[in-house]
Amino acid sequence: TYWKALGLVVATDDRWPTAEHLHDDLKLSCGYVRQSLNFETGALAQVVDSIAFDKMTQDEFQKYMNIAMEKLASVIGYDPLAFLEDAA
């Protein structure tokens, strides 16, 4: 469901070249990031964290999904999960 929603958004919105790019933007926007240290420069950078099923529980993923779809809807102006209603 998650990847289908992202794919449909990317197909109709040119702000993201791929669903993976949109996925990274959503994780960043939802706060799923961690700090990474560049040992050569000493600089800290934010990198997106994993939301893989082996990295979080179903409840944790559902929380992420709800936040991500709400944020995405506010950016694109429509419900990215509307296809579920159409299928029903």
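**Exercise 1. In which helix is His23 found, and is His23 buried or exposed?**

Before we start, a word on the model: it is predicted, local features need pLDDT of at least 70, side-chain atom pairs count only at pLDDT 80 or more, and totals for chains, interfaces and linings use all residues. Residues are numbered from 1 along each chain as its sequence is written, and side-chain values use heavy atoms, with hydrogens and water left out.

*Solution.*
- Step 1: Find the element. His23 sits in helix 2; helices (H or I, at least four residues) and strands (E, at least two) are DSSP runs, numbered from the N terminus.
- Step 2: Check the cover. His23 has a relative accessible area of 10%, so it is buried (under 20%; exposed is over 50%, partly exposed in between, with a 1.4 Å probe and protein chains only).
- Step 3: Look for partners. Beyond its neighbours within four places in sequence, His23 is in contact (heavy atoms within 4.5 Å) with Tyr2, Trp3, Leu6, Ile51 and Tyr64.
- Step 4: Take one partner. Tyr2 is 21 residues away along the chain, and its C-alpha atom is separated from that of His23 by 9.4 Å.

**Exercise 2. Find out where Lys27 lies and why it counts as buried.**

*Solution.*
- Step 1: Lys27 belongs to helix 2, which covers residues 19-29.
- Step 2: Lys27 counts as buried because its relative accessible area is 7%.
- Step 3: Setting aside neighbours within four places in sequence, the residues in contact with Lys27 are Tyr32, Val33, Val48, Asp49, Ile51 and Tyr64.
- Step 4: Compare the lists. Ile51 and Tyr64 appear for Lys27 and also for His23.

**Exercise 3. Which residues form a nonpolar patch on the surface?**

*Solution.*
- Step 1: Recall the rule. Patch residues have over 30% relative accessible area and no salt bridge (a side-chain nitrogen of Lys or Arg within 4 Å of a carboxyl oxygen of Asp or Glu). Nonpolar side chains (Val, Leu, Ile, Met, Phe, Trp, Tyr) are joined within 5 Å, like charges within 9 Å.
- Step 2: Name the members. Leu37, Phe39 and Leu44 make up the patch, together with about 390 Å² of accessible area (Shrake-Rupley method with a 1.4 Å probe; for residues, only the protein chains shown count as cover).
- Step 3: Zoom in on Leu44. Leu44 is part of strand 2, residues 44-48, and is exposed because its relative accessible area is 60%.

**Exercise 4. Describe the whole protein chain.**

*Solution.*
- Step 1: Count the elements: 4 helices and 2 strands.
- Step 2: Read along the sequence to get the pattern α-α-β-β-α-α.
- Step 3: Add the cover: 30% of the 88 residues count as buried.
- Step 4: Give the box: along the principal axes, the C-alpha atoms fill roughly 55 × 30 × 20 Å.
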